[in-house]
Number of protein chains: 2
Amino acid sequence: MRNAANADTASLHNRQWLLKQRPVGALRLENFEFRQQEVPQPELAPGQVLVRNLVFSCAPTMRNWMNDAKRSYRTPVALGEPITGPACAQVVKSAHPRFTVGALLVGVSSWQDYSILEPDNTPVPVITVSSDIAPTDALGIYGLNSLTAYFGLLRIGKPRHGETLVVSAAAGSVGSMVVQLGKLYGCRVIGIAGGRAKCEWLTNTCGIAAIDYKSTELTTGLSERLARLAPNGVDVFFDNVGGAMLQTVTEHMAVHGRIVVCGQVSAYDSDQPAPGPRDMMLLVYRRLLMQGFVLGDFVDEISSAHDELMQWVAAGKIQRHDDVRNGFVGLPAAFLDLFSGKNTGALLVKVANVT
Amino acid sequence: MRNAANADTASLHNRQWLLKQRPVGALRLENFEFRQQEVPQPELAPGQVLVRNLVFSCAPTMRNWMNDAKRSYRTPVALGEPITGPACAQVVKSAHPRFTVGALLVGVSSWQDYSILEPDNTPVPVITVSSDIAPTDALGIYGLNSLTAYFGLLRIGKPRHGETLVVSAAAGSVGSMVVQLGKLYGCRVIGIAGGRAKCEWLTNTCGIAAIDYKSTELTTGLSERLARLAPNGVDVFFDNVGGAMLQTVTEHMAVHGRIVVCGQVSAYDSDQPAPGPRDMMLLVYRRLLMQGFVLGDFVDEISSAHDELMQWVAAGKIQRHDDVRNGFVGLPAAFLDLFSGKNTGALLVKVANVT
């Protein structure tokens, strides 16, 4: 929150997690700085809303926003400013006709108790949320990661009944929704994840084949497993990881296969970009499509996607897969768990209750 | 042509260029062997046609067919067998209802005077050609390369009026058609080619901006030229070259850009495959599409594409761009010119006249 010049009535107790230094290589706790202070209630310009953040979602792409501008599509977090990330928040004060006091919303906010948002002026849409939906669900099963999975798989991957779908980071917040949507569409789904716990979740709860890339040398081991599990090739690859994983799966794509380039988590926590396929002639001979996307491209379809997801959840066809933590102070530590493979599903940190 | 057991009437004088040894690295004259012999007229099985080859087209992808099987989507040429390549040929004898004696056709044939084709059993379609069309035009302006340009640009690149189109190997047989189609669709076209002669052809005859990659260091030089010529980014990149050129142009793509992966000529004459982009996150942030294709995917649309191309040629909107050589004996030497940059446009070798 900016330091507002004109005080309103009561002041606000505002805790913040700031970007202390840009991460070089792996993200560390030292990159963050905690601050708390009493700030006056701000005056709002037309179109602004003051919100109290209730739940933060830790998403891999936030790591990119902490880098310098070059490799991101949005303005990076400035040094000394709060970390930006998706949140479910409640409107405390409003100068925007669509957002009334008390309403819940989801959008990119910042790691502090109170933030000022400008819903009409953000690259990622700010969505109003029904009060029937719990704030954790607004970021979890109906959140931006689920929507990313929904549009990436259905609009770019275009899975058809009986096709083989491979998902990397399959137990993650995006991947776990892709896996479930793939099953719903009648695909043979193979999930790649790191570690036994995640793979057991994929096999036992989701009922799909799982490849533990940590138990196998990434290139040869993964390649051999894919050859056995997908002998006719991979029709759709939903890739959250990139690097050697993308390169290896590309070599197993079937003719007319589609590669959904959602993220490259292998490169986020590194200063090296993740390269593309080793042999581009594979794209020609097998007529492969590779396409990147961001959720912002599908703003106009979010409302209908939400309706469809809610029907599937009500029918028991899609399950929650959340890892809910508690407490503002633990935000950076929770975020670090994303990159060390210590969580499965959407990593959510609850910092306040609905009032 | 196979050595047929049952003689018909007169024997045929058949010259051949055979694959003597698989090329390792650069293609050389030593990879080819010349042979000529009298062979009896063959008996044809149902569905076969005996043709006299009139014109051969030298296409970069033929270089791949000379490699071992691994990196190609079709069976490679066997050692001691004639080189395979696109040809315009005349039917001499037919056991196929659609191909009558005297008719002209275009398809993948082999480097000899007489070949037996099985039109219903080939990965690349065999097309009948109107006798109004000259055999060189059947392989040139209406040939497989033009059709490759047509489908790749219009179905995958989907150029729109006012967009910026970049074409690599722009003075080649595919590229020169892409350039002309791009202009026809109202694009701002930038051609990349090697050498002054090709670039002058692009500038003076086609009226487009040209980048001579031989006059400039491939990565930094090309990047600087693109930044100047396409300050708002590249909407469509039609890539025939791959490697460092693909990597550099990818970094200049505009949001929602499309990369048509047609060929990777930089890798054909090498034992190393051509890799993909350096940073796959560019595909995400800029929502890029990369897609490979082969002409065979569009068989059903070839006839209507031909009609459209003929109308544009008749209206003077598209010009021939052929490099026509003469003589069967010079086939390998002509083919080598493709890789040393010594030709512009479709490289055609006329070996016989229509009778």
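In which sense do strand 13 of chain A and strand 13 of chain B pair, and over how many bridges? Select both strands, residues 289-292 in chain B. They pair in the antiparallel sense over three bridges. Keep in mind that this is a predicted model.

**Stop 1: one bridge.** Select Q291(A). Its bridge partner in strand 13 of chain B is L289(B). Now look for V260(A), which stands opposite Q291(A) in strand 13 of chain A. This takes you to strand 12 of chain A, residues 253-261. Strand 12 and strand 13 of chain A pair in the parallel sense over four bridges.

**Stop 2: the whole sheet.** Select the strands in this order: 10(A)-9(A)-8(A)-11(A)-12(A)-13(A)-13(B)-12(B)-11(B)-8(B)-9(B)-10(B). They form an open sheet of twelve strands with mixed pairing. Go to the edges next. Strand 10 of chain A and strand 10 of chain B, each 209-212, have a single partner strand apiece, so one side of each is left without a neighbour in the sheet. From one strand to the next, the twist averages 15°.

**Stop 3: helices on the sheet.** Select helix 3 of chain A, residues 144-157. This helix packs on the sheet and touches strand 11, strand 12 and strand 13 of chain A. Its direction makes about 145° with that of strand 12 of chain A. Then pick helix 5 of chain A, residues 196-206. Helix 5 lies across strand 9 and strand 10 of chain A, at about 170° to strand 10.

**Stop 4: where the chains meet.** Show both chains. Here 31 residues of chain A are in contact with 31 residues of chain B. Helix 9 (281-285) and strand 13 of chain A each supply at least two residues of the side of chain A that touches chain B. That side has 18 nonpolar, seven polar and six charged residues. Of the interface residues of chain A, 100% are also interface residues in chain B, so the copies meet through the same surface.

**Stop 5: the axis.** A turn of 180° and a shift of 0.0 Å along the axis lay chain A on chain B, with an RMSD of 0.0 Å. That is the relation of a two-fold axis. Select G276(A): in chain A, its C-alpha is the nearest to the axis, 2.2 Å from it.

**Stop 6: a helix pair.** Move to chain B. Select helix 3 (residues 144-157) and helix 4 (residues 175-184). They pack at an angle of about 45°, with their axes 8 Å apart. Helix 3 and helix 4 of chain B are therefore oblique to each other. The crossing is right-handed. Contact residues include A149(B) and Y150(B) of helix 3 and V178(B) and L181(B) of helix 4. By class, this contact has seven nonpolar, three polar and no charged residues.

Definitions and conventions
Residues are numbered from 1 along each chain as its sequence is written. Chains are lettered from A and ligands numbered from 1 in the order in which they are written. This is a predicted model: local features need pLDDT of at least 70, side-chain atom pairs count only at pLDDT 80 or more; totals for chains, interfaces and linings use all residues. Two residues are in contact if their C-beta atoms, placed from the backbone, lie within 7 Å. Ala, Val, Leu, Ile, Met, Phe, Trp, Tyr, Cys and Pro count as nonpolar, Asp, Glu, Lys and Arg as charged, and the others, Gly among them, as polar. Two strands pair if DSSP finds at least two bridges between them. Copies are superposed by least squares on the C-alpha atoms of residues with pLDDT of at least 70 in both. Axes are lines fitted to C-alpha atoms, for helices over the stretch in contact, and angles run from 0 to 180 degrees between N-to-C directions. Angles under 35 degrees count as roughly parallel, over 145 as roughly antiparallel, 65 to 115 as roughly perpendicular and the rest as oblique. A crossing is left-handed if the near helix is turned anticlockwise from the far one by less than a right angle, and right-handed if clockwise.
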